[in-house]
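Reader: I am new to protein structures, and I would like to learn how to read one. Could you walk me through some sheets and helices?

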Amino acid sequence: MSQERLNNSILENLPPEVIKPAYDRNEVTPGIVHLGIGAFHRAHQAWYTENRIAAGENSWGIIGASLRSPGVRDQLVPQNGLYSLVEKSNAGTKVQIIGAVSDVYVAPESPQQLLELLAREEIRIVSLTITEKGYCHDPASGNLNPQHPDVVHDLENPGQPKSALGFIVGALKLRKARGLPGFTVLSCDNLPSNGKLLGRVLVQYAQQVDAELAAWIADNTTTPATMVDRIVPATTDADRDELEALLGCRDEAAVMAEPFSQWVVEDNFLRGRPDWDKAGATFVDDVEVYELIKLRLLNGSHSMLAYSGYLAGFETVAEVMAEPAFNKLALHFMKTEATTSIEVPTDFDVAAYQAQLIERFENRALRHRTWQIAMDGSQKIPQRWLGTLRHQLETQGPIDVLSFALANWIRYVSAVDESGNAIEVSDPLAAQLKELHDHQSGNPHALTAAFLAFTPVFGDDLRHNERLQEAVAEWLEKLSENGTLACVRERFSAV
């Protein structure tokens with residue numbers, strides 16, 4: 001293993017095929033603070049921003065902040081914020097060094113320092129990739145959850161917040177007191193109407209602090225909706241070793257991604273923005289239909305393949321898709337259930353989009369783990385599946401695949417796979433879901449009823465739908481008797 005880490009001093013010594021920053025990083029000043037600087041942000045929004053900094057827009061540098069762990073800071077800061085974006089496909093690999101990130105703060109180590117950063121006048125955009133659970137909301141209603149432990153903590157300790165909401169509202173309170181303007185808060189998480197949701201929970205949180213502050217925030221911030229899309233699997237030590245052999249130095253912060261990237265953004269920025277459209281982003285007046293297409297086709301399929309594929313014994317999505325019956329299942333779901341739930345714009349080629357998704361899922365170079373996609377299902381399912389499901393139930397449309405998907409998720413959160421091995425279920429409601437399963441284990445109808453009555457995920461309406469109850473219970477019975485792989489081969493090989 002190389003002792004030397006990637007850093008500014010060795011950029012020019014990297015191999016010629018590696019794309020490097022061609023601008024003076026000392027001339028770049030920060031305009032964006034990004035909360036939740038994980039792999040997705042570094043492969044997506046930071047990549048678009050890098051393009052614009054390289055084109056001369058040097059007042060939009062990024063300062064990252066980790067709200068929990070020092071891990072990303074410890075990867076990036078010794079490397080002067082530099083990291084490799086490695087695009088992998090069945091056709092080969094492309095490596096680009098990204099220089100847009102200048103520093104990383106760790107919120108728990110110095111919350112006051114992060115509040116002061118967010119209150120600086122030159123910060124005009126605060127962007128977020130904090131995952132669904134980071135919004136401290138009730139996924140079924142979309143409102144702030146006032147009982148969320150982080151919300152309770154932050155309201156009692158405003159100078160030492162834990163949540164993104166606590167930091168943003170705290171910083172805006174400082175800006176108001178200092179006579180400074182607000183900023184744009186940009187959600188880049190996979191949530192329906194993410195801008196509206198973010199704006200709502202920010203104001204609801206602020207109302208718990210001060211009604212006058214809440215009114216000021218409503219008038220002095222914007223929260224544009226976005227739709228983000230790029231498959232970014234977790235980086236492994238094997239990935240880092242392979243990259244080290246190419247670079248001749250160690251990059252602990254490297255991120256892997258597919259070549260495809262999409263970013264659709266509502267053009268509603270308070271104090272300007274980078275020209276991300278010149279880097280390939282699409283600015284629109286209304287993101288909603290693009291968001292629905294992506295959530296219901298890509299994310300809906302991804303989650304369905306993750307739970308069923310994991311239980312069928314496959315480690316990666318590409319391995320799942322190499323099984324012909326699963327490949328057919330994915331396209332069948334998109335065509336018959338997901339797409340028919342959306343009013344697709346006439347100028348959008350949905351058949352080409354479906355084919356593109358299948359090709360992306362088949363990318364063997366990514367090794368996107370089913371277990372990783374299966375994380376936080378209780379937060380994702382309301383967005384990825386239930387809108388489609390409610391539409392099909394209301395219109396008497398097909399629900400076969402969604403019922404199959406729900407049955408697999410119910411089996412997955414039991415925390416035991418088909419061979420009796422333990423599953424490490426990563427979900428904020430994991431303990432409650434396991435308890436729910438264990439109380440009704442062995443009775444498919446009672447198990448289905450118990451889960452559909454679990455309001456934090458399903459709300460209040462689906463428990464009463466007899467058609468859905470019967471369909472999920474029937475799949476649970478079949479899965480228990482035959483296993484997921486046999487069921488997929490029997491039911492979907494010929495679709």
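Author: Happy to; we will look at two sheets and then at some helix pairs. Keep in mind that this is a predicted model.

Reader: What holds the strands of a sheet together?

Author: Strands of a sheet pair through backbone hydrogen bonds, and the pairing can be parallel or antiparallel. Here, one open sheet has five strands in the order S5-S2-S1-S6-S7, and their pairing is parallel.

Reader: Which strands are at the edges of that sheet?

Author: Those are strand S5 (101-106) and strand S7 (184-187), each of which pairs on one side only. Going across the sheet, neighbouring strands are turned by 25 degrees against each other on average, with direction ignored.

Reader: How many bridges join S6 to S7?

Author: Four bridges link strand S6 (residues 125-128) with S7, and the two run parallel. You can find one facing pair at Leu 128, which stands opposite Ser 187 in S7.

Reader: Where do the side chains of a strand go?

Author: In a regular strand, side chains alternate between the two faces of the sheet. Look at S7: Thr 184 and Leu 186 point one way, while Val 185 and Ser 187 point the other way.

Reader: Are those four residues of S7 buried or exposed?

Author: Thr 184, Val 185, Leu 186 and Ser 187 are all buried.

Reader: Which helices should I look at beside this sheet?

Author: Start with helix H6 (residues 164-177), which lies across strand S1 (30-35), S6 and S7 and runs at about 175 degrees to S6. Helix H7 (residues 194-209) also packs on the sheet, where it touches S6 and S7. The direction of H7 makes about 125 degrees with that of S7.

Reader: What is the pairing in the sheet that contains S8, S10 and S11?

Author: That open sheet of three strands, in the order S8-S10-S11, has mixed pairing. Strand S8 (226-229) and strand S11 (282-284) each have a single partner strand, so one side of each is left without a neighbour in the sheet. On average, neighbouring strands here are turned by 15 degrees against each other, direction ignored.

Reader: How do S8 and S10 run, parallel or antiparallel?

Author: S8 and strand S10 (residues 262-266) run antiparallel and are joined by four bridges. Met 227 stands opposite Val 264 in S10. Across S8, S10 and S11 lies helix H10 (residues 288-311), running at about 35 degrees to S8.

Reader: Now for two helices together. At what angle do H18 and H20 cross?

Author: The axes of helix H18 (residues 444-452) and helix H20 (residues 466-482) cross at roughly 125 degrees and come within 8 Å. H18 and H20 are therefore oblique to each other, and their crossing is right-handed. Among the residues making the contact are Leu 447 and Leu 452 of H18 and Val 472 and Leu 476 of H20. By class, this contact of H18 with H20 has eight nonpolar, three polar and two charged residues.

Reader: What about H16 and H20?

Author: Helix H16 (residues 400-412) and H20 have axes that come within 8 Å and cross at roughly 60 degrees. That angle makes H16 oblique to H20. The crossing of H16 and H20 is right-handed. Residues of H16 including Phe 404, Leu 406 and Ile 410 meet residues of H20 including Leu 468, Trp 475 and Leu 479. The contact of H16 with H20 divides into ten nonpolar, three polar and two charged residues.

Terms used:
Residues numbered from 1 in each chain as written. Predicted model: local features only at pLDDT ≥ 70, side-chain atom pairs only at ≥ 80, totals over all residues. Heavy atoms only, no water. Pairing = 2+ DSSP bridges. Axes fitted to C-alpha atoms, helices over the stretch in contact; angles between N-to-C directions. Contact = heavy atoms within 4.5 Å. Parallel < 35°, antiparallel > 145°, perpendicular 65-115°, else oblique. Left-handed = near helix turned anticlockwise from the far one by under 90°. Nonpolar A, V, L, I, M, F, W, Y, C, P; charged D, E, K, R; others polar. Buried < 20%, exposed > 50% of the residue type's maximum accessible area, 1.4 Å probe, protein only.
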